[in-house]
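Here is a short report on one protein chain. It starts from a single strand contact and works outward to the helix, the core and the aromatic rings.

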Amino acid sequence: MSNIPNRAESADPTTSLQDLRLLTDRGFFIFPCRPRSKYPAILGWPDAATSDMAKIVAWDEQFEDCNWGIMTGAESGFWALDLDCKPA
């Protein structure tokens, strides 16, 4: 069973640094995305994604209201399938 909070059930839809710590403690590499977007906020994000909380805190201050991405693929060992479907 996961200890990661379910944001759909939360009154606060934002991601906190505590939430990011839970992910980095599990080995995920994080990077900032543009607000309300899944597009990276930084250049070179595949190399910049990190589990270093000091860097993540600095990004949190630099990119106010950003979304957060999790590095996926062979190097991370974490895979995701993103389906964007047009309305019928």
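## Strand pairing and core

Phe-31 sits opposite Gly-69 of β2. The model is predicted. Its mean pLDDT is 85, and 84% of the residues reach at least 70. Residues 4-8 are a weak spot, with pLDDT under 50 throughout. For that stretch the model has 11 contacts beyond four places in sequence.

β1 and β2 run antiparallel and pair over 4 bridges. β1 is covered on both faces. Ile-30 and Pro-32 are buried on one side. Phe-31 and Cys-33 are buried on the other.

The largest nonpolar core has 15 residues. Leu-20, Ile-30, Phe-31, Ile-56, Trp-59 and Trp-68 touch the most other members. α1, β1 and α3 each supply at least two residues of this core.

Trp-68 has contacts in several places. Leaving out residues up to four places away in sequence, Trp-68 touches Ile-30, Phe-31, Pro-32 and Cys-33, among others. Its partners also include Thr-15, Leu-20, Ile-56, Trp-59 and Asp-60.

## Helix α1

Which residues of α1 are buried? They are Asp-19, Leu-20, Leu-23 and Thr-24. These residues lie on the same side of α1, because they cover an arc of only 135° around the axis. Their cover includes β1, α3 (53-62) and β2. The face of α1 turned away from the buried side carries Gln-18 and Asp-25, both exposed. After α1 comes Gly-27, with a positive phi near 95°.

The table sets out three elements.

| Element | Residues or range | Detail |
|---|---|---|
| α1 | Asp-19, Leu-20, Leu-23, Thr-24 | buried |
| β1 | Ile-30, Pro-32; Phe-31, Cys-33 | buried, one side; buried, other side |
| α3 | 53-62 | part of the cover over the buried residues of α1 |

## Aromatic pairs

How many aromatic pairs does the model hold? The count is 2. One of them joins Phe-28 and Phe-78 edge-to-face. Their centres are 4.9 Å apart, and the planes meet at 85°. This pair links distant parts of the chain, 50 residues apart. Phe-28 is in the loop between α1 (17-25) and β1 (30-33). Phe-78 is in the segment after β2 (67-70).

Is Phe-78 buried, partly exposed or exposed? Phe-78 has a relative accessible area of 30%, so this ring residue counts as partly exposed. The cut-offs that decide this are under 20% for buried and over 50% for exposed.

Terms used: Residues are numbered from 1 along each chain as its sequence is written. This is a predicted model: local features need pLDDT of at least 70, side-chain atom pairs count only at pLDDT 80 or more; totals for chains, interfaces and linings use all residues. Side-chain values use heavy atoms; hydrogens and water are left out. Rings of Phe, Tyr and Trp (its six-membered ring) pair if their centres lie within 6.5 Å; planes under 30 degrees apart count as stacked, over 60 as edge-to-face and the rest as tilted. Buried means under 20% relative accessible area, exposed over 50%, partly exposed in between (1.4 Å probe, protein chains only). The arc is that of the directions from the helix axis to the C-beta atoms. Contact means heavy atoms within 4.5 Å. pLDDT is the predictor's confidence in each residue, from 0 to 100. Two strands pair if DSSP finds at least two bridges between them. A nonpolar core is a set of buried Ala, Val, Leu, Ile, Met, Phe, Trp, Tyr and Cys residues joined through side-chain atoms within 4.5 Å.
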